[in-house]
Amino acid sequence: MISLYLLRHGKTIGPAALNGRTDVAVADKTQQVIAEQLNAFSFSTVVTSPLRRCADLSVRLKALRPELEVIVEPAFQELDFGEFDGQTFDELSLQWPRLEAFWQDPVNHPLPGAEPLFEAYQRVSNAWHRWLHQCDKDCLMILHGGTIRLLLADILQLDWQNPLWYSSLSIANQSMTQLTIYPTEPPQVMVNNIGVPLPLSIHNG
């Protein structure tokens with residue numbers, strides 16, 4: 001059997017914002033602490049979103065463990081929130097009713113210019129199935145909250161259109177979701193836990 005870890009990136013720098021494809025960073029100190037804590041986990045491969053808040057951590061892991069194989073997977077990027085992407089919640093204050101409608105039902109209330117949820121689900125699930133069939137050793141995936149939710153919906157065969165999946169499932173920053181893969185045909189996936197926080201010993205800014 002194979003252990004596969006889905007890690008949501010650390011808290012990003014700056015004010016709270018609707019960051020999807022906007023390429024914001026995580027503080028260097030936070031990334032270093034996360035990397036050091038991940039040394040307690042057994043994995044030989046790291047698969048990461050190309051966005052800095054994920055990819056910077058993979059660089060630090062590689063520095064600690066040069067034998068790691070690090071692979072960048074563009075399909076595991078966060079959702080694109082269109083015209084609202086990258087704007088702070090203060091800047092979006094006049095758009096709050098529209099944001100609330102989106103959070104409560106993202107399929108039927110998309111944001112202007114945003115990636116449709118159906119396209120995001122297809123992008124993420126197609127990449128997941130490709131990786132699942134070639135995964136032959138313990139692996140860490142450094143991802144985004146939206147990406148992890150879409151992956152879990154596919155793995156658990158749940159309705160990815162259900163609004164509660166997005167409004168009620170907590171996938172916090174620097175939290176770990178652990179899977180076990182049994183290399184049958186097709187591969188069998190067991191979800192061991194979801195969104196367990198790493199015990200960071202610093203305060204994030």
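Which residue forms a salt bridge with arginine 60, and how far apart are the closest N and O atoms? In this predicted model, the partner of arginine 60 is aspartate 28, and the closest N and O atoms of the two lie 3.6 Å apart. The contact links distant parts of the chain, since arginine 60 belongs to helix H2 (residues 52-64) while aspartate 28 belongs to helix H1, 32 residues away. The two side chains differ in class: arginine 60 is partly exposed, with a relative accessible area of 23%, whereas aspartate 28, at 53%, counts as exposed because the limit for that class is over 50%.

**Salt bridges**

A search of the whole structure finds six salt bridges, including those set out in the table below.

| Basic residue | Acidic residue | Closest N and O atoms |
|---|---|---|
| Arginine 60 | Aspartate 28 | 3.6 Å |
| Arginine 21 | Glutamate 115 | 3.8 Å |
| Arginine 123 | Glutamate 115 | 2.9 Å |

Glutamate 115 forms a salt bridge with arginine 21 and also one with arginine 123, and Arg21, Glu115 and Arg123 are accordingly linked in a network of salt bridges. For the salt bridge between arginine 21 and glutamate 115, the chain positions are again distant: arginine 21 sits in the loop between S1 and helix H1 (28-38), glutamate 115 sits in the loop between helix H3 (96-104) and helix H4 (117-134), and 94 residues separate them. Within this network, glutamate 115 is buried, with a relative accessible area of 17%, and arginine 123 is buried as well, while arginine 21, at 28% relative accessibility, counts as partly exposed.

**The sheet**

Six strands form an open sheet with mixed pairing, in the order S3-S2-S4-S1-S5-S6. Its edges are strand S3 (69-72) and strand S6 (188-197), each of which pairs on one side only, and neighbouring strands of the sheet are turned against each other by 20 degrees on average when direction is ignored. In general, strands of a sheet pair through backbone hydrogen bonds, either parallel or antiparallel.

Which strands run parallel to S4, and over how many bridges do they pair with it? Strand S1 is joined to S4 by five bridges, and strand S2 (residues 45-48) pairs with S4 in the parallel sense over four bridges. On the S1 side, tyrosine 5 stands opposite leucine 140 in S4, and on the S2 side valine 47 stands opposite methionine 141 in S4. Strand S4 is mostly covered, with five of its five residues buried: Cys139, Met141 and Leu143 point one way from the strand, Leu140 and Ile142 point the other way, and all of them are buried.

The pairing of S5 with S6 is antiparallel and runs over seven bridges; one of the residues involved is serine 175, whose bridge partner in S6 is proline 197.

**Helix H5 against the sheet**

Helix H5 (residues 145-155) lies across strand S1 (2-8), strand S4 (139-143), S5 and S6, and it runs at about 140 degrees to S1. Is this helix enclosed or exposed? Helix H5 is largely enclosed by the rest of the structure, because 11 of its 11 residues are buried; among them are Gly145, Ile148, Arg149, Leu152, Asp154 and Ile155. These buried residues pack against S1, H4, S4, helix H6 (164-167), S5 and S6. Just after the helix, glutamine 157 takes a positive phi of about 55 degrees.

**The surface around S5 and S6**

Tyrosine 182 is found in strand S5 (residues 175-182), and at 33% relative accessibility it counts as partly exposed. Together with Met1 and Met190, Tyr182 makes a nonpolar surface patch of about 340 Å². In the loop between S5 and S6 lies proline 186, which counts as partly exposed at 48% relative accessibility. Proline 186 and cysteine 54 are separated by 132 residues in sequence, and their C-alpha atoms are 29 Å apart in space.

Terms used
Residues are numbered from 1 along each chain as its sequence is written. This is a predicted model: local features need pLDDT of at least 70, side-chain atom pairs count only at pLDDT 80 or more; totals for chains, interfaces and linings use all residues. Side-chain values use heavy atoms; hydrogens and water are left out. Patches are made of residues with over 30% relative accessible area and no salt bridge: like charges are joined within 9 Å, nonpolar side chains (Val, Leu, Ile, Met, Phe, Trp, Tyr) within 5 Å. Accessible areas come from the Shrake-Rupley method with a 1.4 Å probe; for residues, only the protein chains shown count as cover. A salt bridge is a side-chain nitrogen of Lys or Arg within 4 Å of a carboxyl oxygen of Asp or Glu. Helices (H or I, at least four residues) and strands (E, at least two) are DSSP runs, numbered from the N terminus. Buried means under 20% relative accessible area, exposed over 50%, partly exposed in between (1.4 Å probe, protein chains only). Two strands pair if DSSP finds at least two bridges between them. Axes are lines fitted to C-alpha atoms, for helices over the stretch in contact, and angles run from 0 to 180 degrees between N-to-C directions. Contact means heavy atoms within 4.5 Å.
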